[in-house]
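Visitor: I would be grateful for a close look at one part of this structure, the place where two helices pack against each other. Please then continue to a few single residues elsewhere in the chain.

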Amino acid sequence: MRLLISFDDTDNLESPGTGHLLENFRSLIRERGWGVSQRISRHQLYVHEDVPYTSHNSSMCFVLETTTGLPADGAGVIDLLEREAASFLRAGSAPGSDPGLCILDCASLADCARLIEFGRSAKTTVLSKENAYDTARLCGVRLSEHGGTGDGIIGALAGCALRLEGEDGRLRGQLENLPEQGIVSSAELLRHPDVDALGRLRPEQDRNEVVYTDDIFNIRLKDKAKTVMMGGRSVFLVYPADSLESDAPYEAWTRLELKRF
């Protein structure tokens, strides 16, 4: 089974963020041998005075390919994961938070377009719990609240929707075994297990103008190496260096430049 699992609104200003908690749950799944997961994606949602959030109003989601050690039928798998996630949220969510959980089974999704539209709307519109529950019911998605007001279900559903679409968000954490400053080759990046593609795009360009490349050239890293979701893939973005005398003809996007994702 291919599942998407999302948490939202599990933290307060003093606690570790939702991404940290979801990463721990991802580790629990790995330790129990329940499946192989992909890195967590962070999705920026609408920042508005009518939307309660801790600091940035972002939702977190990861993809899980289940393997052994789980019930044979799909409903049993989701029931088990929902129970475990609920227990995890109760134990790990911070005081004053309003945690929400979403589990999406890609094979049984009833209305993909409706779900993706909800995710897009959550980036520009104030949505309600009723909006979220109605969308989840019509799309056949598991959605549940686990404390406080439960408003986190809105972001949890949006996180699954945006990860499913594959055109939004930054992948959590930096790429391992790469320096924060220095020069790497495009070939080295393309061999990295967490990089699916290399994209040429200037920070001021529209993302639709990205050009994917497998050419060999040097790239200057000026910050932690990170990737973004584009076309359902983990993409490392670069752009031509301003200096023609540079020992690397391309530069990697910095964390500040990647905030647009």
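Guide: In this predicted model, three residues of helix α3, namely R114, L115 and F118, meet N131, A132, T135, L138 and C139 of helix α4. Sorted by class, the residues of this contact are five nonpolar, two polar and one charged. Two packed helices are described by the angle between their axes and the distance between the axes. Here α3 spans residues 112-121 and α4 spans residues 129-139; their axes come within 9 Å and cross at roughly 160°. An angle over 145 degrees counts as roughly antiparallel, and α3 and α4 are therefore roughly antiparallel to each other. The crossing in which α3 passes α4 is left-handed.

From the helix pair we may turn to T227, which lies in the loop between β11 (218-221) and β12 (228-230). Buried means under 20% relative accessible area; T227 has a value of 0% and is therefore buried. The side chain of T227 takes part in a polar contact with the side chain of R39, at 3.2 Å. The side chain of S234 also makes a polar contact with that of T227, at 2.8 Å. Apart from neighbours within four places in sequence, the residues in contact with T227 are R39, R170, L171, L175, D194, V195, S234, V235 and F236.

Another loop, the one between β7 (170-171) and β8 (182-185), holds N177. Exposed means over 50% relative accessible area; N177 reaches 75%, so this residue is exposed. The backbone of N177 also deserves attention. Most residues other than glycine have a negative phi. N177 is not a glycine, yet its phi is positive, at about 65°.

The last residue to consider is E257, found in helix α7, which covers residues 255-258. Partly exposed describes values between the limits of 20% and 50%, and E257, at 22% relative accessibility, therefore counts as partly exposed. When neighbours within four places in sequence are left aside, E257 is in contact with P203, Y239 and A252. Along the chain, E257 and A241 are 16 residues apart, and their C-alpha atoms are separated by 15 Å.

Three levels of exposure have thus appeared in turn: T227 is buried, N177 is exposed, and E257 is partly exposed.

How values were computed
Residues are numbered from 1 along each chain as its sequence is written. This is a predicted model: local features need pLDDT of at least 70, side-chain atom pairs count only at pLDDT 80 or more; totals for chains, interfaces and linings use all residues. Side-chain values use heavy atoms; hydrogens and water are left out. Axes are lines fitted to C-alpha atoms, for helices over the stretch in contact, and angles run from 0 to 180 degrees between N-to-C directions. Helices (H or I, at least four residues) and strands (E, at least two) are DSSP runs, numbered from the N terminus. Angles under 35 degrees count as roughly parallel, over 145 as roughly antiparallel, 65 to 115 as roughly perpendicular and the rest as oblique. A crossing is left-handed if the near helix is turned anticlockwise from the far one by less than a right angle, and right-handed if clockwise. Contact means heavy atoms within 4.5 Å. Ala, Val, Leu, Ile, Met, Phe, Trp, Tyr, Cys and Pro count as nonpolar, Asp, Glu, Lys and Arg as charged, and the others, Gly among them, as polar. Buried means under 20% relative accessible area, exposed over 50%, partly exposed in between (1.4 Å probe, protein chains only). A polar contact is a pair of N or O atoms within 3.5 Å; within protein, one must be able to donate a hydrogen and the other to accept it, and residues adjacent in sequence count only if both atoms are side-chain atoms.
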